[in-house]
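Colleague: I am new to this structure and would like a close look at the pairs of opposite charge in it. Please start there, and then follow the chain into the surroundings.

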Amino acid sequence: MALKATDLFKLVSLSYPIATNRGYFFQENRISEADNTYYQRICFVNPRGQVTVYGTDQKHDRHPKLSPDQQWLAFLSQAADKTTQVFLQAVDGGVAHQLSAEKEDVTDFGWQPDSQAVFLQTTIGAKKKLSDAKRPHPVTVTRAQYKLNGVGLLPENVTYELRVQQRRQKTSHIVMQRQHDFQVGAIAPDGQKIAFAAERLPDDPNDFSQATYLLDLTTKQVTMVNDHLPQAELTPAAFSADSQQLLLYGSDNHLPNVSQGHLWHYDLANQKLQDVADDVDFDIPGYVNGDFQQDLSGKVADFVTTDYYLTIGFDHGKTSLYAGGPDERLTPLIEGRRHVTDFTLTPDHRGVMFTESTMTIPSRLMYFDLATEEEMVLYDPNRRITRSLGLVTPETFNFNRAGFEIEGWYFPPQKATASHPAILYVHGGPAVGYGYTFFHEMQYLAAKGYGVICPNPRGGLGYGEAFTAAVIKHYGQDDYKDCLAAIDEALKLDTTIDPERLFVAGGSYGGFMTNWIVTHTHRFKAAVTQRSIANWLSMYGTSDIGYYFTPWELEGKWTGDLSDVQGLWEFSPLAHIDFAKTPTLVMHSEDDQRCPIGQGEEFYIGLKLHGVETKFMRFPKSNHDLSRNGLPNLRMARLTAITDWFDAHQSKREAKGE
């Protein structure tokens with residue numbers, strides 16, 4: 001049975017694994033076709049394999065965290081007033097009850113080491129005020145970055161708070177207040193310190209550093225960990241058991257948007273901060289391109305012992321768990337052709353429980369024994385469904401071009417034929433990468449009879465810093481040639497690809513590249529450009545990241561302006577629109593703040609006025625992340641529209657069935 005677009009509703013992803021002495025918890029994420037939304041629930045599995053559901057409504061229960069004494073499960077859920085609050089439930093059963101009662105949403109929380117209280121993060125003044133539809137009020141902004149994709153206009157004049165809520169009390173009390181956002185990353189086991197991340201110079205729109213700070217809970221004194229690396233962007237991840245060591249991850253920011261993420265180790269006693277990944281050339285944690293995983297914890301690193309730790313890393317398409325120490329090189333521990341999506345240590349620190357995905361396994365829960373290095377499957381909620389879907393296993397290809405080895409994957413059609421079309425699909429970013437994770441859209445396209453070519457051109461992650469830097473100031477040059485060369489490699493792999501029926505698609509940077517391709521070659525029968533960039537001049541001031549992303553990528557500088565109008569225009573696909581002939585479907589979300597819909601509008605009008613066959617498909621109530629977590633019905637409409645457009649532009653011989 002061929003996979004259908006709607007099979008997405010039958011599959012679930014797993015996240016937030018928690019190991020206990022009597023079983024394991026995890027969060028199950030699913031998409032509801034009936035309610036056209038995303039739901040989460042918390043499950044517990046005992047040693048006999050019996051599954052028990054925890055939480056309040058099995059729809060909004062998420063981000064579970066076990067108390068240090070293993071007696072209580074805390075989690076976020078929706079309160080009666082629709083705010084997000086912390087709820088508690090006894091591990092041995094019973095009804096969940098609401099713990100916090102903040103006026104506005106609790107954005108994150110963590111247990112106090114003695115299990116008697118929970119630290120809460122909340123924002124005062126962030127709640128949108130209801131306005132009279134007939135008498136709307138103007139909104140004034142004062143900051144350079146005043147909006148964010150998926151959020152909209154950012155609130156101003158708000159207060160960010162860290163509070164503590166005792167388990168047996170009804171109200172919380174303040175621990176720390178700041179006028180700018182911060183994120184707690186680790187709570188010391190001795191209960192004396194909290195490590196949090198915050199922008200170092202939040203009022204400077206041209207400073208992109210992020211510092212890690214230590215808050216002394218007794219004196220309320222705040223100290224910066226990376227004061228000798230003022231340009232760095234670092235986030236705390238975990239304290240050691242003795243509270244004297246801290247793991248951080250991030251970049252020293254020596255190159256704009258290119259510097260690799262590394263793992264860092266901080267010794268609190270001697271205040272020494274060390275880059276413990278300076279001798280490896282992979283990204284921590286990295287980012288693999290996909291459309292299936294939902295609501296991961298984002299955990300990057302943790303201590304096994306005070307001198308042995310684990311971290312997530314991304315290298316050549318593989319997202320692995322690495323092990324190392326302050327004086328020990330990071331090496332792969334849990335590796336292979338897969339995507340380690342989330343992980344946790346067992347209470348005795350003798351094993352690792354993790355969630356994983358592969359190109360044919362959507363999501364499952366695993367156990368890895370640190371002593372024997374053996375692993376086993378604990379829970380696979382999708383196995384019964386995927387066995388009947390005929391998922392294809394893509395082939396990996398590699399080739400050398402212009403100084404770099406280029407890697408890619410080719411998804412053959414699910415049903416073999418003597419001749420078939422193929423789609424070049426360019427990923428976004430560009431600083432991400434295709435890799436070994438389940439990709440529903442690619443499987444869907446293969447089920448519809450298309451071969452899918454997924455290259456990692458220069459500019460992406462997973463192949464070293466020089467590879468990522470190679471696209472800076474060179475958009476549409478060797479990256480473009482890498483993409484075209486990937487087609488030639490796929491034609492060698494599969495001689496049943498019809499070279500006269502090639503298509504191209506992509507989103508974000510991949511949308512830029514699709515626009516660039518149709519304005520520089522006539523090799524493709526049709527194209528679908530999504531959430532694209534067409535004009536760097538208008539992108540500069542309208543995107544939520546435009547004013548800094550544009551100089552980062554096109555000039556290799558931290559800051560820039562529109563003084564080089566000709567240079568920015570030459571990098572814009574719209575400048576070359578008179579060459580375009582390829583029938584192109586333009587797709588864009590109306591609430592996209594990353595690549596605003598004006599980019600799609602400009603390209604559509606440019607195509608239209610140059611006589612190119614085109615359509616413009618607008619998605620309401622959708623942002624830049626439509627294909628990953630947009631409204632489910634619109635995700636289905638998008639997939640159908642892509643294959644309908646390509647189906648309509650098959651050769652005449654194919655259309656007639658000859």
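Modeller: A residue is called buried under 20% relative accessible area, exposed over 50%, and partly exposed in between (1.4 Å probe, protein chains only). This is a predicted model, in which local features need pLDDT of at least 70 and side-chain atom pairs pLDDT 80 or more, while totals for chains, interfaces and linings use all residues. Residues are numbered from 1 along each chain as its sequence is written, and side-chain values use heavy atoms, without hydrogens or water.

Side chains of opposite charge can pair when their charged atoms come close. A salt bridge here is a side-chain nitrogen of Lys or Arg within 4 Å of a carboxyl oxygen of Asp or Glu. The count by this rule is 25 salt bridges.

One of them lies between glutamate 161 and arginine 163, whose closest N and O atoms are 2.8 Å apart. Glutamate 161 and arginine 163 are both buried. A second salt bridge brings together the side chains of aspartate 7 and lysine 10, with 3.2 Å from N to O. Its two ends can be taken in turn. Aspartate 7 has a relative accessible area of 0%, so it is classed as buried. Lysine 10 is classed as partly exposed because its relative accessible area is 44%.

A third salt bridge is made by arginine 364 and glutamate 356, at 2.6 Å from N to O. Arginine 364 has a relative accessible area of 17% and is therefore buried. Glutamate 356 has a relative accessibility of 2%, so it too is buried. The pair belongs to a network in which Arg338, Glu356, Arg364 and Glu375 are joined by salt bridges with shared partners.

The surroundings can be described by strands, which are DSSP runs of E with at least two residues, numbered from the N terminus. Back at the first pair, glutamate 161 and arginine 163 take us to the strand β13 (159-166), and the loop between β13 and β14 (172-178) holds another charged residue, arginine 167. With a relative accessible area of 14%, arginine 167 is buried because it falls below the cut-off. Arginine 167 and leucine 99 are 68 residues apart along the chain, and their C-alpha atoms are separated by 7.1 Å.

Leucine 99 leads on to a sheet in that part of the chain. Two strands are said to pair if DSSP finds at least two bridges between them. The open sheet has 4 strands in the order β5-β6-β7-β8, with antiparallel pairing. Its edges are β5 (62-66) and β8 (97-98), each of which has a single partner strand, so one side of each has no neighbour in the sheet. For β8 the partner is β7 (residues 84-90), joined to it in the antiparallel sense over 2 bridges. Within this pairing, phenylalanine 87 is opposite glutamine 98 in β8.

Further along the chain, aspartate 203 sits in the loop between β16 (193-199) and β17 (210-216). Aspartate 203 counts as exposed because its relative accessibility is 64%. The two strands on either side of this loop run antiparallel and are joined by 7 bridges. Among the paired residues, phenylalanine 196 has tyrosine 213 in β17 as its bridge partner. β17 itself is mostly covered, with 6 of its 7 residues buried.

β17 also runs antiparallel to β18 (residues 222-224), with 3 bridges between the two. There, leucine 215 has valine 222 in β18 as its bridge partner. The two strands form a hairpin with 5 residues between them, and lysine 220 in the turn has a positive phi of about 65°.

A hairpin is also found towards higher residue numbers. β31 (residues 395-401) and β32 (residues 404-411) run antiparallel and are joined by 7 bridges. In this case 2 residues lie between the strands of the hairpin, and alanine 402 in the turn has a positive phi of about 50°. Beside the turn, arginine 401 has phenylalanine 404 in β32 as its bridge partner.
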